[in-house]
Amino acid sequence: MNSSSLISGIAAPLPFSNLDTDQIMPKQFLRIVDKAGLDRGLLYDLRFDEAGQPRADCVLNQPAYAGASILVAGPNFGCGSSREHAVWGLQQYGIRAVIAASFGEIFFFNALNNGLLLVTLPAADVDALLGQVSAPATHRIQIDVRAGTVRGAQGWSAAFQLSERHRDMFAHGRDMVGTTLQQLGEIDRYEAAHWARHPWMRDIAHQVRARLDAAGPRSALENRNAT
C-alpha cells in the first residue's frame with residue numbers, strides 16, 4: 001500500500017442505491033488466476049452497451065471525468081456477494097476512495113484492508129456532495145484521512161469517522177500484514193506466556209511423529225489410530 005493520508009482529485013457521481021459487487025465486477029471477469037485486467041470489467045454494464053461500445057450517458061465515459069480517483073455513490077454501495085475482485089477492479093481503474101451514506105459490510109472491510117478508502121457520511125452530506133461533483137466546475141474534492149474531513153468546492157466540508165487501526169494503515173501505507181508486523185513484540189510476549197502455561201502442547205505433532213518413527217514400522221491402520 002502507498003501512503004494515502006491525503007487523497008484529492010476528480011470525483012465522479014454514481015447516485016445509484018444498492019450498487020452491488022456483481023454490478024461493480026461482473027462474473028465474466030472473474031475467470032483469472034491473478035488480479036490483472038480487472039479494470040476492464042469495472043461497472044461494465046454501466047460503462048458499455050450490449051455491443052461493447054461505451055455508453056455516452058455513463059459519467060465515467062465523459063471527458064470531464066477522465067482520470068476520476070473518487071466516487072460519490074448512493075447508499076448501500078458494495079452490497080451483495082463477498083467478491084474481493086470488486087475492490088481490486090476499483091483500484092486498478094484508479095479509484096482511491098468511495099464516499100457514500102452506507103456500504104455493504106463485507107465490501108467495507110475488504111476495501112479498507114486492501115487500501116481502498118471508504119468514507120461514510122450522512123445522507124444529507126452525500127446528497128450535497130453529489131450536487132457539487134455533478135458539475136465539472138466543482139467536481140474536485142479532497143479527503144484528509146488524518147483529520148477525518150472531506151472538502152469540496154466553495155468551502156463545503158464534512159467530517160467522517162474511521163477506526164484508529166485503519167487510519168494508521170492509510171497514513172503509513174500498511175496492509176493487514178504490515179499492521180500485524182508492527183505488533184511482533186506483543187505477539188512474542190503472548191507466545192512465551194502461552195508456552196509457559198501449556199508446555200506440554202509445544203511441538204506436540206513433532207513429538208508424536210518422532211515417537212511413531214522410533215517405534216518402528218507398523219500397519220497403516222495402527223499408525224492412523226495412534227495419531
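Buried, in these legends, means under 20% relative accessible area. Everything below comes from a predicted model.

**View 1. Helix H6 and what packs over it.** Helix H6 covers residues 164-172, and its buried residues are His-166, Arg-167, Met-169, Phe-170 and Ala-171. What sits on top of them? The cover includes helix H4 (105-114), strand S4 (117-120) and helix H7 (176-181). Once H6 ends, look at Gly-173, which has a positive phi of about 70°.

**View 2. Arg-146, out on a loop.** You'll find Arg-146 in the loop that runs between strand S5 (140-144) and strand S6 (149-151). Is Arg-146 buried or exposed? With a relative accessible area of 53%, Arg-146 is exposed. Even so, Arg-146 has company: setting aside neighbours within four places in sequence, it is in contact with Ser-5, Arg-167, Ala-171 and His-172. Two of those names, Arg-167 and Ala-171, are also on the list of buried residues in H6. For a sense of scale, Arg-146 and Ile-24 are 28 Å apart in space, C-alpha to C-alpha, and 122 residues apart in sequence.

**View 3. Strand S5 and its two partners.** Follow the side chains along S5 and you'll see them alternate. Ile-141 and Ile-143 point to one face and are buried, while Arg-140, Gln-142 and Asp-144 point to the other face and are not buried. Strand S1 (residues 6-14) runs antiparallel to S5, and 5 bridges join the two. Here Ser-8 stands opposite Gln-142. S5 also pairs with S6, again in the antiparallel sense, over 3 bridges. In that pairing Ile-143 faces Val-150 of S6. S5 and S6 make a hairpin with 4 residues between them, and Gly-148 in the turn has a positive phi of about 70°.

**View 4. A tilted aromatic pair, Phe-29 with Tyr-44.** Search the whole structure and 6 aromatic pairs turn up. In one of them, Phe-29 and Tyr-44 are tilted, with 5.3 Å centre to centre and 45° between the planes. Phe-29 lies in the loop between helix H1 (21-24) and helix H2 (44-47) and Tyr-44 lies in H2, so the pair ties together parts that are 15 residues apart in sequence. Phe-29 counts as buried at 19% relative accessibility, whereas Tyr-44 is partly exposed at 22%.

**View 5. An edge-to-face pair and its aromatic cluster.** Phe-77 and Phe-107 meet edge-to-face, 5.6 Å centre to centre and with 70° between the planes. This pair links distant parts of the chain, 30 residues apart: Phe-77 is in the loop between strand S2 (70-73) and helix H3 (85-93), and Phe-107 is in helix H4. How buried are they? Phe-77 has a relative accessible area of 0%, and Phe-107 has one of 3%. Both belong to one aromatic cluster, made up of Phe-77, Phe-103, Phe-107, Phe-108 and Phe-109.

**View 6. Two cysteines that stay apart.** How many disulfides does the structure hold? The count is 0. Why is Cys-58 not bonded to Cys-79? The closest cysteine sulfur to that of Cys-58 is the one in Cys-79, and at 18 Å it is too far for a bond. A disulfide would need the two sulfur atoms within 2.5 Å. Seen from the other end, Cys-79 is in no disulfide either, with the sulfur of Cys-58 as its nearest, 18 Å away. Cys-58 counts as buried at 7% relative accessibility, and Cys-79 is buried too, with a relative accessible area of 15%.

Methods:
Residues are numbered from 1 along each chain as its sequence is written. This is a predicted model: local features need pLDDT of at least 70, side-chain atom pairs count only at pLDDT 80 or more; totals for chains, interfaces and linings use all residues. Side-chain values use heavy atoms; hydrogens and water are left out. Buried means under 20% relative accessible area, exposed over 50%, partly exposed in between (1.4 Å probe, protein chains only). Contact means heavy atoms within 4.5 Å. Rings of Phe, Tyr and Trp (its six-membered ring) pair if their centres lie within 6.5 Å; planes under 30 degrees apart count as stacked, over 60 as edge-to-face and the rest as tilted. Two strands pair if DSSP finds at least two bridges between them.
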